[in-house]
Amino acid sequence: MAELLRGERVTRLFGGLPAVDNLDFHIEEGEIVGLIGPNGAGKTTLVNLISGALAPTSGTIRLRGSVITGLPPHAVAARGIARTFQIARPFPNMTVRQNVVVGALFGAHHPRLGMAEALAKVDEVLEQVGLATKRDLLGSQLTVADRKRLEMAKALATSPKLLLLDEVMAGLNLAEIETVMALIGRLRSSGMTLLVIEHVMKAIMGVSDRMIVLHHGRKLAEGRPADVASNPDVLREYLGARYAARVGSPEEMRDAPS
Ligand SMILES: Nc1ncnc2c1ncn2[C@@H]1O[C@H](COP(=O)(O)OP(=O)(O)OP(=O)(O)O)[C@@H](O)[C@H]1O
Ligand SMILES: [Mg+2]
């Protein structure tokens with residue numbers, strides 16, 4: 001497999017404190033990498049750094065060997081990287097379709113899509129995420145689950161090569177989580193590469209080829225899901241507390257809303 005993304009010694013400070021701390025990471029083409037870790041570990045900050053929403057304090061991120069650090073978000077999107085937002089904030093007075101069309105018009109399409117092509121792309125991704133029948137609803141009318149679907153649709157409309165999903169399953173019920181997992185599987189089959197952040201452990205372990213565990217902005221562990229789940233450091237710092245709090249509960253695989 002060819003390497004798609006590589007971060008070298010990536011650091012981002014906030015008020016002098018590192019949210020991401022000297023992190024080395026890579027993502028292979030076609031891979032699904034799961035990114036987990038406690039609240040505040042730096043997962044969303046890493047997505048912000050990869051997508052250009054934030055610049056690193058130091059370090060370099062390369063997409064297929066070309067440096068992308070320092071590029072603004074639209075330039076990163078044009079190179080084929082899309083992300084969802086952990087807190088979905090659709091434009092409330094725009095329809096689902098209108099919310100998504102921006103991504104279709106200004107994504108990684110070369111040459112850019114015309115309006116008719118963009119609207120066709122919008123309908124295609126709304127079908128993919130299960131929002132087709134709600135395409136004329138306003139952003140303000142959507143449930144939590146549908147807002148998560150809309151986040152995915154907005155990202156998918158850009159036709160990304162690499163998709164960064166930041167807790168798209170949080171707040172969903174088990175049936176809804178399964179539909180998102182199935183969608184992730186289909187995206188991978190279509191050739192997409194994914195970085196998936198999730199606290200829902202069974203889901204993230206089920207979809208990931210490889211997992212990276214962050215703790216205080218550093219890599220605590222990395223490897224196959226089964227190995228990561230039995231790693232003593234990961235059990236101590238993250239999974240142990242989560243499992244201990246949920247053993248025997250029907251909510252075992254669910255996270256408290258974060
Ligand atoms: N814009 C910001 N300004 C100041 N501090 C920030 C900012 N964004 C993140 N932080 C801090 O950086 C650290 C990492 O936050 P981040 O949101 O990346 O964690 P996370 O792993 O995504 O957590 P969660 O699981 O709760 O979403 C936290 O201490 C957070 O308070
Ligand atoms: Mg986060």
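**Figure 1. Leu-138 in the loop between helix 4 and helix 5.** In this predicted model, Leu-138 is placed in the loop that runs between helix 4 and helix 5. With a relative accessibility of 30%, Leu-138 counts as partly exposed, because that class covers the values between under 20% for buried and over 50% for exposed. The view also takes in Ala-108, which is 30 residues from Leu-138 in sequence, while the C-alpha atoms of the two are 26 Å apart in space.

**Figure 2. Met-94 in the loop between strand 6 and helix 3.** Met-94 belongs to the loop between strand 6 and helix 3, and its relative accessible area of 26% makes it partly exposed. A second residue, Val-168, is included for scale: Met-94 and Val-168 are 74 residues apart along the chain, and their C-alpha atoms are separated by 21 Å.

**Figure 3. The magnesium ion (ligand 2) and its protein donors.** Two protein atoms serve as donors to the magnesium ion, OG1 of Thr-44 and OE1 of Gln-86, and they lie 2.0 to 2.2 Å from the ion. These donors link distant parts of the chain, since Thr-44 is in helix 1 (residues 43–51) whereas Gln-86 is in the loop between strand 6 (81–83) and helix 3 (96–105), and the two are 42 residues apart. Thr-44 is partly exposed, with a relative accessible area of 26%, and Gln-86, at 26% relative accessibility, also counts as partly exposed.

**Figure 4. The charged end of Arg-83 over the ring of Phe-85.** In this close-up the charged end of Arg-83 sits over the ring of Phe-85, at a distance of 3.9 Å from the centre of that ring. Arg-83 and Phe-85 are also among the residues closest to the centre of the largest pocket, which is the topic of the next view.

**Figure 5. The largest pocket and its lining.** The largest pocket has a volume of about 530 Å³. It is lined by 21 residues, and those closest to its centre are Ala-77, Arg-83, Phe-85, Lys-154 and Thr-158. Helix 2 (73–78), strand 6, helix 3 and helix 5 (144–156) each contribute at least two residues to the lining, and helix 2, with four residues, gives the most. Sorted by class, the lining comprises eleven nonpolar, six polar and four charged residues.

**Figure 6. The cis peptide bond from His-110 to Pro-111.** Most peptide bonds are trans. The bond from His-110 to Pro-111, by contrast, is cis, with omega near 0°, and Pro-111 is found in the loop between helix 3 and helix 4 (115–129).

**Figure 7. Positive phi values at Arg-9 and His-216.** Most residues other than glycine have a negative phi. Arg-9, a residue other than glycine, nevertheless has a positive phi, near 45°; Arg-9 is found in strand 1 (residues 3–14) and is exposed, with a relative accessible area of 55%. His-216, which is not a glycine either, has a positive phi of about 50°. The place of His-216 is in the loop between strand 9 (210–215) and strand 10 (218–223), and at 56% relative accessibility His-216 counts as exposed.

Definitions and conventions:
Residues are numbered from 1 along each chain as its sequence is written. Chains are lettered from A and ligands numbered from 1 in the order in which they are written. This is a predicted model: local features need pLDDT of at least 70, side-chain atom pairs count only at pLDDT 80 or more; totals for chains, interfaces and linings use all residues. Side-chain values use heavy atoms; hydrogens and water are left out. Donors are N, O and S atoms within 2.8 Å of the metal (3.2 Å for Na, K and Ca); water is not among the atoms, so sites may look incomplete. Buried means under 20% relative accessible area, exposed over 50%, partly exposed in between (1.4 Å probe, protein chains only). A charge sits over a ring if NZ of Lys or CZ of Arg is within 6 Å of the ring centre and within 35 degrees of the ring normal. On a 1 Å grid over the protein atoms alone, a cavity is a set of points where a 1.4 Å probe fits but cannot get out, and a pocket is an open set with protein on both sides within 12 Å along at least five of seven lines; lining residues have an atom within 4 Å of a point. Grid points are joined across faces, edges and corners, and a volume is the space filled by probe spheres set on the points. Ala, Val, Leu, Ile, Met, Phe, Trp, Tyr, Cys and Pro count as nonpolar, Asp, Glu, Lys and Arg as charged, and the others, Gly among them, as polar.
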